[in-house]
Amino acid sequence: MKKVFNIKIGLILSCLLLVVLLPSCDDDDDNVDNGIELLSFGPSGVQHGEQIQFIGNHLDRVDTVELADDILIPKADFVSQSNEIIELVIPEETVEGYVVLHTSEGLITTKTMLSFNVPVEVTSFSPSVIKPGSNITFRGNYMNWVETVVFASNVSVSDFESQSMMELVVKVPAEAQTGLITLYSGGTEPMAVEMEEELEVVLPTISALSPLSIKHAEQLTITGTDLDLVSAIRFPNDSVVSDFISQSETSLAVEVPVTSTSGAIVLIMPSTVEVKSTDEISIILPITTSIAPELAELGDDVTITGTDLDLIKSITFKASAVTITEFVSQSPTQIVVTVPEDAKNGPLTYQTIYDFEVISEVSASLNVSEVYFIFDEALNANWQLLGGWGTELQDAANTEQPKTGNIAYKVIYNNAYGAIQLQPNASDAGVFNNFNTIELSVYGMPGTDGNTMSLQLVDAGGADSESTFTIHEGEYKVIEIPISNYTGVDLTNINQVYIKNFGVTNNAVYVDDFQLK
């Protein structure tokens with residue numbers, strides 16, 4: 001049932017034949033004028049059922065000895081009494097505290113407490129399976145000397161529901177976890193009594209989630225058992241909710257956070273223990289089934305067909321700088337929208353009424369000139385980054401300052417003359433010969449305004465040509481360079497491309513939508 005550990009050596013060994021007495025001091029006697037004096041008492045560390053002595057002057061006038069917790073021992077029950085000594089047996093129920101001598105002349109209270117060497121013993125506890133907030137009862141001997149109960153989660157309880165010599169009742173705290181319990185006692189030799197059997201702390205169970213298909217901000221109802229123990233719920237995408245619509249033992253209602261994605265939910269207890277649902281919720285989002293007509297002209301209207309399209313607040317076409325918030329028409333199954341003049345072929349980006357981003361399953365097919373992207377959300381799969389020189393940082397997956405989409409290429413030049421070095425694979429070495437214009441968008445951070453950069457092409461034979469441009473601070477500048485500017489190089493066999501700087505140092509520059517048109 002228990003393991004017992006002494007955690008402090010006793011100050012007094014009760015088996016000594018010579019008792020060690022606690023001094024009472026002259027000022028222990030509150031009635032010196034009447035001649036009664038208490039000089040010392042002890043031994044400290046005596047065990048219950050053993051004898052203790054009070055030494056002083058005129059102690060034959062003492063009528064009663066009052067121990068802590070209102071235990072009164074009349075002189076008739078003293079083992080012996082004389083002018084200088086009173087001897088008595090410590091009752092089993094005695095606790096640590098001050099001693100008061102009652103006389104006909106007044107009261108004498110000790111200035112130090114009488115303590116004991118108490119062999120606390122725990123014989124059982126019940127129940128062995130318990131719900132936080134319920135009472136657990138420990139039975140044994142000297143339970144009135146227990147000062148602290150520590151549960152497996154290292155949660156201490158020292159404010160008990162009830163306590164007697166044979167029984168201790170403790171409310172299980174909400175933070176308690178399943179595991180071993182340790183009782184710590186007081187006295188001159190404090191003890192730690194560890195239970196050998198674990199206490200099983202009840203956890204909630206989930207029997208159902210309803211509805212399983214649900215929209216953001218709608219009510220999700222969880223049914224099960226002991227759901228009143230739940231302090232928070234973690235939704236997919238790590239959205240944590242602790243403010244519930246309603247909560248009982250068998251039901252819990254909560255609003256689905258607008259940042260949640262589909263997946264299992266997790267119940268969180270005050271003890272930090274978690275319970276994960278078997279079922280998963282599915283967040284209802286706009287679904288696109290078609291975009292018509294195909295090969296729509298820029299500036300024309302297109303019809304988006306699908307489900308739950310009434311959740312859409314705005315639409316952005318691929319590569320467009322325009323976020324469309326006003327539609328020609330909108331219903332749950334259909335949206336009619338005007339194509340922006342800078343739109344490109346590709347999927348649409350929706351922003352829902354809860355600011356949740358959704359990428360359409362169907363791409364818009366528009367009648368626009370063919371575009372070849374060298375960098376758009378990522379480096380073209382047929383290209384590779386060789387590094388370059390004079391750069392402190394190159395990040396092809398940076399999300400800080402995209403022009404379109406979510407990614408822009410970030411570079412910090414740490415030299416007045418530096419470069420990003422890119423190389424097409426052999427299959428795309430002649431791609432520049434198929435287009436008329438090189439276009440890229442460049443954003444300069446503070447300190448870069450008006451600085452010069454260039455785009456250089458180098459062919460397989462080592463010939464090179466470059467065009468310069470200036471950048472703006474705090475905004476994207478679209479750079480358009482006619483490919484005809486690049487003379488003296490073989491456009492059918494380009495194998496190096498450099499984005500170079502002249503004077504931009506220690507300030508970030510972002511490059512996005514690097515394309516051939």
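In this predicted model, β44 and β45 form a hairpin with four residues between them. Gly462 lies in the turn and has a positive phi of about 100°. The two strands of the hairpin, β44 and β45, pair in the antiparallel sense over seven bridges. Within this pairing, Val458 stands opposite Asp464 in β45.

Strand β44 spans residues 452-459. Most of β44 is covered, with seven of its eight residues buried. Another partner of β44 is strand β47, made of residues 494-502. This pairing is also antiparallel and runs over eight bridges. Two facing pairs can be picked out. Met453 stands opposite Asn501 in β47. Leu457 has Val497 of β47 as its bridge partner. Strands of a sheet pair through backbone hydrogen bonds, either parallel or antiparallel.

The hairpin belongs to a wider sheet. Five strands form this open sheet, in the order β39-β42-β47-β44-β45, with antiparallel pairing. Strands β39 (383-389) and β45 (464-470) stand at the edges. Each has a single partner strand, so one side of each is left without a neighbour in the sheet. On average, neighbouring strands of this sheet are turned by 20° against each other, direction ignored. In a regular strand the side chains alternate between the two faces of the sheet.

A second open sheet has four strands, in the order β21-β23-β27-β26. Its pairing is antiparallel. Here the edge strands are β21 (205-210) and β26 (246-247), and each pairs on one side only. Strand β26 pairs with β27 (residues 251-255) in the antiparallel sense over two bridges. In this pair of strands, Gln247 stands opposite Leu252 in β27.

Ser239 is placed in strand β25, which covers residues 239-241. Its relative accessibility is 7%, so Ser239 counts as buried; the cut-off for buried is under 20%. Leaving aside residues up to four places away in sequence, Ser239 touches Ile233, Arg234, Pro257, Thr259 and Ser260.

Attention now turns to the nonpolar cores. The largest nonpolar core holds 50 residues. Of these, Phe54, Ile136, Phe138, Val149, Phe151 and Leu183 touch the most other members. The contacts of Phe54 include Leu38, Phe41, Leu59, Val65, Ile85, Ile86, Leu88, Val99 and Leu101. Ser40 and Glu84 are also among the residues that Phe54 touches. These contacts do not count residues up to four places away in sequence. Apart from the largest core lies another, of 35 residues. Among its members are Met453, Ile479, Leu491 and Ile499. Met453 is thus listed in this core and also stands opposite Asn501 in the pairing with β47.

Open space in the model was also examined. Rolling a probe the size of a water molecule over the atoms shows where empty space is left. The largest pocket has a volume of about 350 Å³. It is lined by 20 residues. Closest to its centre are Lys318, Ala319, Thr349, Thr404 and Gly405. Strands β36 (346-352) and β37 (357-364) each supply at least two residues of the lining of this pocket.

Technical notes. Residues numbered from 1 in each chain as written. Predicted model: local features only at pLDDT ≥ 70, side-chain atom pairs only at ≥ 80, totals over all residues. Heavy atoms only, no water. Pairing = 2+ DSSP bridges. Axes fitted to C-alpha atoms, helices over the stretch in contact; angles between N-to-C directions. Core = buried A, V, L, I, M, F, W, Y, C linked by side-chain atoms within 4.5 Å. Buried < 20%, exposed > 50% of the residue type's maximum accessible area, 1.4 Å probe, protein only. Contact = heavy atoms within 4.5 Å. 1 Å grid on protein atoms, 1.4 Å probe; cavity = no way out; pocket = protein on both sides within 12 Å on 5 of 7 lines; lining within 4 Å. Points joined across faces, edges and corners; volume = space filled by probe spheres on them.
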